[in-house]
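Reader: Hi, I have a structure open and I'm not sure how to read it. Could you take me through it slowly?

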Amino acid sequence: MKRNLVLATVAAAALIGGGTVAAYAGSGDDGASPRQSDVRVAGDRDDTQKDDDGGDRRDSRDDDRDDRDEARSQAGRTGVTAAEAIAAALERTPGTAVSAELDDDDSRVWEVTVVEGDGTEHDVRVSAGDGKVLSDRRDDDDGREGRADLAALKGASVDAREAADAAAAKGVVVEIDLDDDGPAVWKAETTKGEWNVGLKSGAVTPHHDDDRDDD
């Protein structure tokens, strides 16, 4: 009788509280050790959906939305497009542009990476307000990364400026970069998401981390 009263009380508490309650019911006066019973109700269910890799889909969508919000905020403070910044950088420093992005600390400045024929990289800073070149800093590395970028672009028909122009149809471009982690493509971040631009066709397709759409 006493045990039935305890269980009834626990069940009522679980229904009211919406959680998991651990109930201990003695076996009576025989001295046996208590038994633990878990009471789980519908309110204790985890409603978070998982993606195929076990990640949190809701978190992933939130991250994508935050990225787009940040991109829109950056784009709202620039009057010079990525393509125009690349053109200005190449006029100052001839070579091959492999990336252009708004400075994380100052969205009024474009940072354009230009690679010379021997692999030497230059970080050219261009005003996002009027397109003037603010500085040109030569990297002191051995040029290995620059040569790798040039090799990935061998045979390409679409350069960084053209890729930025193509991606602009999908939103204001805040970053364009050569992505050679697999079949090489131009990767563009815009105010409406991330996109791949084919090196030969210039086709713009949605960017997926594990799915590469190219020519």
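Author: Gladly, and let us begin with a word we shall need throughout: strands here are DSSP runs of E with at least two residues, numbered from the N terminus. Asp123, for instance, is found in strand β5. Please keep in mind as we go that this is a predicted model.

Reader: Okay, so is Asp123 buried or exposed?

Author: Asp123 has a relative accessible area of 16%, and since buried means under 20%, Asp123 counts as buried.

Reader: And which residues is Asp123 in contact with?

Author: If we leave aside its neighbours within four places in sequence, Asp123 is in contact with Glu111, Val112, Ser135, Asp136 and Arg137.

Reader: Let's zoom out to the sheet. What is the order of its strands?

Author: The sheet is an open one of 8 strands, and its order is β6-β5-β4-β3-β7-β8-β9-β10, with antiparallel pairing. The strands at the edges are β6, which covers 133-138, and β10, and each has a single partner strand, so one side of each is left without a neighbour in the sheet. On average, neighbouring strands of this sheet are turned by 25 degrees against each other, if direction is ignored.

Reader: What holds strands together in a sheet, in general?

Author: Strands of a sheet pair through backbone hydrogen bonds, and the pairing can be either parallel or antiparallel.

Reader: Then show me one pair, say β3 and β4: how many bridges join them?

Author: Strand β3 (residues 96-102) and strand β4 (residues 109-115) are joined by 6 bridges and run antiparallel. One example you can look up is Thr96, whose bridge partner in β4 is Val115.

Reader: Which helix packs on the sheet there, touching β3 and β4?

Author: That is helix α3 (residues 82-92), which touches β3, β4, β5, β6 and β7, and whose direction makes about 50 degrees with that of β4. Another helix, α5 (residues 160-167), lies across β3, β7, β8, β9 and β10, and this helix runs at about 130 degrees to β7.

Reader: Going along to β9, how many of its residues are buried?

Author: Strand β9 (residues 193-197) has 5 residues, of which 4 are buried, so we can call the strand mostly covered.

Reader: And how is β9 joined to β8?

Author: A hairpin connects β8 to β9 through 2 residues, and 5 bridges join the two strands, which run antiparallel. Within this pairing, Ala188 has Trp195 in β9 as its bridge partner.

Reader: What about β9 and β10, how many residues lie between them?

Author: These two strands form a hairpin with 6 residues between them, and in the turn Gly202 has a positive phi of about 75 degrees. The strands β9 and β10 run antiparallel and are joined by 3 bridges, with Val197 standing opposite Val204 in β10.

Reader: New topic, charges. How many salt bridges does the structure hold?

Author: The structure holds 7 salt bridges. Among them is the one in which the side chains of Arg137 and Asp139 meet, at 3.2 Å from N to O. Arg137 counts as partly exposed at 49% relative accessibility, whereas Asp139 is buried, with a relative accessible area of 17%.

Reader: Which residue does Arg144 form a salt bridge with?

Author: Arg144 pairs with Asp142, and the closest N and O atoms are 3.5 Å apart. Arg144 is exposed, with a relative accessible area of 60%, while Asp142 is partly exposed at 49%.

Reader: And where do Asp165 and Arg161 lie?

Author: Both lie in helix α5, 4 residues apart, which is about one turn of the helix. Asp165 forms a salt bridge with Arg161, with the closest N and O atoms 3.7 Å apart. Asp165 is partly exposed at 44%, and Arg161 is partly exposed at 31%. Elsewhere, salt bridges that share partners join Asp103, Glu111 and Arg125 into one network.

Reader: One last residue: how far away from Glu121 is the nearest side chain of opposite charge?

Author: Glu121, which is found in strand β5, is buried yet has no salt bridge, and the nearest side chain of opposite charge, that of Arg137, is 8.0 Å away. Not counting residues up to four places away in sequence, Glu121 touches several residues, including Thr113, Val115, Asp139 and Glu145.

Technical notes: Residues are numbered from 1 along each chain as its sequence is written. This is a predicted model: local features need pLDDT of at least 70, side-chain atom pairs count only at pLDDT 80 or more; totals for chains, interfaces and linings use all residues. Side-chain values use heavy atoms; hydrogens and water are left out. Buried means under 20% relative accessible area, exposed over 50%, partly exposed in between (1.4 Å probe, protein chains only). Two strands pair if DSSP finds at least two bridges between them. Axes are lines fitted to C-alpha atoms, for helices over the stretch in contact, and angles run from 0 to 180 degrees between N-to-C directions. Contact means heavy atoms within 4.5 Å. A salt bridge is a side-chain nitrogen of Lys or Arg within 4 Å of a carboxyl oxygen of Asp or Glu. Lys and Arg count as positive and Asp and Glu as negative; His and the chain ends are not counted.
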